[in-house]
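Open the model in your viewer and keep the selection tool at hand. The tour moves stop by stop, with a selection and then a note on what is there.

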Amino acid sequence: MDVLRKSPGKLYLHVADILRQRLRSGALSPGDRLKPISELAEEFKVATVTIRQAVAILEDEGRLMRQQGAGTFVTDSVASEDTFAVGLDWPELLDMVTKTDPRLIEKRENVELKMGDLKGGQAADSYVFLRRVNALKGLDCLVADAYIASDIYAKCPERFDHETIIPVIESLPDVTIAKCHQTLTIGQADMDKASLLGLPLSAPLGDIRRILTDPAGRILYFNDVSYRGDMVKFEISLDLTADQAEEPTLRS
């Protein structure tokens with residue numbers, strides 16, 4: 001496991017990530033007993049204190065539970081869904097964004113939107129900027145930088161500060177969302193995001209940029225979201241039945 005020592009960031013965070021992946025993959029199932037600390041330390045070639053720190057993180061997340069005199073066991077919580085499927089339609093998107101609990105950490109008003117490619121949308125006169133960290137089942141899982149058109153934000157500022165933003169916009173009776181554009185890229189955690197999410201420096205992130213426009217093309221909402229890379233999955237189903245049902249046509 002020399003690769004652990006060569007990787008940037010703290011060793012115990014890397015070990016916690018590896019154990020977390022084993023839980024998600026099913027290599028460790030609910031009820032399974034975790035290897036003793038000494039055996040894990042030997043496997044990862046790290047000190048026992050490093051393993052204890054990693055295990056403590058998973059205990060805090062509710063994935064592991066220590067039983068006095070018996071060992072540490074995998075809890076039933078790992079069987080529940082704790083990933084984000086990048087939705088290709090509006091209901092899937094709403095399901096994705098409403099799974100977490102937001103926490104406001106920065107707010108600025110009268111901000112200009114200077115983000116380069118706006119996918120054909122036109123920026124409003126000014127925006128309210130909100131930076132938030134969202135948690136899923138108690139685990140900080142994403143950092144979101146949101147820009148909300150100032151006139152939209154003014155309709156219900158308290159809700160925008162503390163609730164999931166897209167459903168709030170959709171609930172406004174005099175506001176129409178005509179288009180939502182999403183771009184998914186794979187990035188790495190910088191010092192700021194690594195610190196906010198408790199990740200090693202350069203840990204993978206799933207970066208999603210969302211742009212919501214009204215029928216006139218004005219950008220109501222611009223959002224850059226960085227999800228933990230181990231919690232994002234891209235799902236797409238291809239329905240081939242329609243093509244297969246059609247008889248081939250021969251043309252001369």
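Start with Q67: its bridge partner in strand 2 is G71. Strands here are DSSP runs of E with at least two residues, helices are runs of H or I with at least four, and both are numbered from the N terminus. Before going on, note that this is a predicted model, where local features need pLDDT of at least 70, side-chain atom pairs count only at pLDDT 80 or more, and totals for chains, interfaces and linings use all residues. Residues are numbered from 1 along each chain as its sequence is written, and side-chain values use heavy atoms, with hydrogens and water left out.

**The hairpin**

Select strand 1 (residues 64-67) together with strand 2. Four bridges pair them in the antiparallel sense. Two strands count as paired if DSSP finds at least two bridges between them. The two strands form a hairpin, with three residues between them. Now pick G69 in the turn: its phi is positive, about 80 degrees.

**The loop before strand 1**

Step back to the loop between helix 4 and strand 1, where R63 is found. R63 counts as buried because its relative accessibility is 7%. The cut-offs, for a 1.4 Å probe and protein chains only, are under 20% relative accessible area for buried, over 50% for exposed, and partly exposed in between. Add T75 to the selection: twelve residues along the chain from R63, with 5.4 Å between the C-alpha atoms.

G62 sits in that loop too, between helix 4 and strand 1. G62 is partly exposed, with a relative accessible area of 28%. Draw a distance from G62 to K137: 8.8 Å from C-alpha to C-alpha, across 75 residues of sequence.

**The largest pocket**

Select R33, L34, K35, P36, I37, R52, V55, R66, Q68, G71 and T72: these line the largest pocket. Helix 4 (48-60) and strand 2 (71-74) are the elements that give two or more residues to this lining. The space inside is about 220 Å³.

A pocket is defined on a 1 Å grid over the protein atoms alone: an open set of points where a 1.4 Å probe fits, with protein on both sides within 12 Å along at least five of seven lines. Lining residues have an atom within 4 Å of a point. Grid points are joined across faces, edges and corners, and the volume is the space filled by probe spheres set on the points.

Colour the lining by class: four residues are nonpolar, three polar and four charged. Nonpolar covers Ala, Val, Leu, Ile, Met, Phe, Trp, Tyr, Cys and Pro; charged covers Asp, Glu, Lys and Arg; the others, Gly among them, are polar.

**Helix 2**

Go to residues 11-25, which are helix 2. What span should its 15 residues cover at 1.5 Å a residue? The expected value is 21 Å, and the end C-alpha atoms are 21 Å apart, which agrees. That expected span is 1.5 Å times one less than the number of residues. Show side chains for L13, H14, V15, A16, D17, L19, R20 and L23, the buried residues of helix 2. Just after the helix, G26 takes a positive phi of about 95 degrees.

**The open sheet**

Now select strands 4 to 9. These six strands form an open sheet in the order 4-5-6-9-8-7, with antiparallel pairing. Strand 4 (101-111) and strand 7 (179-188) are the edges, each pairing on one side only. Neighbouring strands are turned by 15 degrees against each other on average, direction ignored.

Zoom in on strand 4 and strand 5 (residues 127-136): eight bridges join these antiparallel neighbours. V111 has Y127 of strand 5 as its bridge partner. Next, pick N110 in strand 4. N110 is not a glycine, yet its phi is positive, about 55 degrees. Its relative accessibility is 66%, so N110 counts as exposed.

In strand 9 (residues 219-228), select R228. Is R228 buried or exposed? R228 is buried, with a relative accessible area of 2%. Its C-alpha atom is 8.9 Å from that of V143, 85 residues away along the chain.

**Two loop stops**

Pick L172, in the loop between helix 8 (165-171) and strand 7. L172 counts as buried at 10% relative accessibility. Its C-alpha atom and that of C156 are 9.1 Å apart, with the two residues 16 apart along the chain.

Finish at S202, in the loop between helix 9 (191-197) and strand 8 (204-213). S202 has a positive phi near 75 degrees, in a residue other than glycine. At 31% relative accessibility, S202 counts as partly exposed.

Note on methods: Axes are lines fitted to C-alpha atoms, for helices over the stretch in contact, and angles run from 0 to 180 degrees between N-to-C directions.
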